[in-house]
Every structure is written in structure tokens, then in C-alpha cells.
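Colleague: I am new to this model, and I would like a close look at one part of it, the charged side chains and the contacts they make. Please take me through them slowly and explain each term as you reach it.

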Amino acid sequence: MNRRTAAGALLATLMGGTSAAAALLKPKKHDTPEMEKLGLETLIPAEFAGWRIDRSVVPVQPPPEVEEVIGKLYDETLARTYINARGQRVMLSIAYGGDQTGRLRVHRPEKCYSAQGFRVDKVAQQQEVIGGANVTVNRLYAALGARQEPISYWVRVGDETVDGALAQRLTQLRFSLNGQIPDGLLFRVSNIGADRAAGYALQDSFIADLVRSMPPADAAKLVGNPARKS
């Protein structure tokens, strides 16, 4: 049995228990009550390391049905476009939910972009050290007509980033076994351009500049606990 199959079997076993087991798994307290509201508007600086908000760009609003889903899933969202002295732009989107149990779960960009008519290619997934934490970064490439958009994102659940829906669910269960309710955050950056390699390099530079500009405790709200190993 390979690792993925074993993890699936473990998940099925944990989910298929008796009512007594269900009572055991029921979260009783929040893991980080002080992070119920992150205050994204003030947490993320308007200017840092040569980047500033480009107020001439108005973020594209998703269709009403997608916006309704977002409103149900998250407690806070932030959408900004930043520009540097070279005229390069990076779009930043962060969504935060204080309850990542069965009621609320992070909605991944693959679904959001597809719902808006984009063709989405999953390019790669890689481990990177960001702000001292081990972060699982997902690379996507979305296209709609002439618009081509390289995308990088990660999902944090509790104190760590997760590399897929199964890992996300297992992390939720781990917190539940400890009687805790994990919070969750989706961090996404993208830019417009056909050159994928250049796009991802620009995004990595932007992320590094952003995280370095933040106090370690604030950066940890984005990337998780630096002490935790993936």
C-alpha cells in the first residue's frame, strides 16, 4: 500500500467511527483565538521594499455566485495590486477563515479560476523556505482569451501549510483530536504575462520582499510556524 492509499484509508477509518468517536473528534476550543480577526488591511503594508499599492488598478470582482461562496467561506479577504519602480505589477489576494473545520474550508484557486471560465494548468508544487517556515507553494497557469496569468499560492491550516485536499483534511483531523479548531489562510499572488518562468520569479521576489518587511510574528500569520518541519 503506497503512502497516499494509506493516508486515504486512515482518513476513512477516522471519519467512519462510532458516535463515541465523533464526540471525541468534536473540537472544543479554538487553536488561536487571538487570530479570529487578522486585520488584513493593516497587517499587510501598503508600501515595502520598493513596492506600493497601484491605486489606478481596480481589482476584478468575481461573479456574484463566486462572491457568495467566498463570503460564506472567509471572515476576511484582501485584494490589492502592487507596482514597483520598474512598472512591474503583482496582484495579491489573501483570504482568511477563523474556523477550518467541516463548516468552513479554504476554497482553492483552481476552482475559483475555472468557475470564471479560465483554463487552468497545474504546473508544479514545491517546498520553499519563506520567513523561516517550510511552505508548500503551488504553481498554476490560467488563461482566458488573451489574458495569461501565472499564479502562485499556498494554504495554511493552523500552524502549517498543506499540500493538497487530503493533507488539509488530515491536518484538520489532527487539530480535532486535540480538541482544537484550526484557522486557515489562502495566500495567492499572480501577474499578467505569457512568460511563466519570469512570472514565478517576479512573484517569488515580491513574496520575499513582503515577508522580510513584516515582524516575524506577523509573517507567521501568513506562512505558519517557522519551528514546524514539513
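Modeller: A good place to begin is Arg-212, which counts as exposed at 64% relative accessibility, where exposed means over 50% relative accessible area, buried means under 20%, and partly exposed is the range in between, with a 1.4 Å probe and protein chains only. Please keep in mind that this is a predicted model, in which local features need pLDDT of at least 70 and side-chain atom pairs count only at pLDDT 80 or more, while totals for chains, interfaces and linings use all residues. Residues are numbered from 1 along each chain as its sequence is written, and side-chain values use heavy atoms, leaving out hydrogens and water.

The side chain of Arg-212 meets that of Asp-209 in a salt bridge, at 2.9 Å from N to O; the term stands for a side-chain nitrogen of Lys or Arg within 4 Å of a carboxyl oxygen of Asp or Glu. Unlike its exposed partner, Asp-209 counts as buried, at 15% relative accessibility. Both residues belong to helix H7 (residues 196–213), where they are three residues apart, or about one turn of the helix. Helices (H or I, at least four residues) and strands (E, at least two) are DSSP runs, numbered from the N terminus.

By that rule the structure holds eleven salt bridges, and another of them joins Lys-122 to Glu-110, whose closest N and O atoms are 3.7 Å apart. Because Lys-122 lies in strand S6 (residues 119–130) and Glu-110 in helix H5 (residues 109–115), this pair ties together parts that are twelve residues apart in sequence. Here Lys-122 counts as exposed, at 55% relative accessibility, whereas Glu-110 counts as buried, at 19%.

Arg-156 and Asp-183 also meet through their side chains in a salt bridge, at 3.0 Å from N to O. Arg-156 is in strand S8 (residues 147–157) and Asp-183 in the loop between strand S10 (180–181) and strand S11 (184–190), so the parts tied together are 27 residues apart in sequence. Arg-156 is buried, at 1% relative accessibility, and Asp-183 is buried as well, with a relative accessible area of 0%.

Finally, there is a contact with a ring: Arg-196 lies over the face of Tyr-141, at 3.7 Å from the ring centre, and a charge is said to sit over a ring if NZ of Lys or CZ of Arg is within 6 Å of the ring centre and within 35 degrees of the ring normal.
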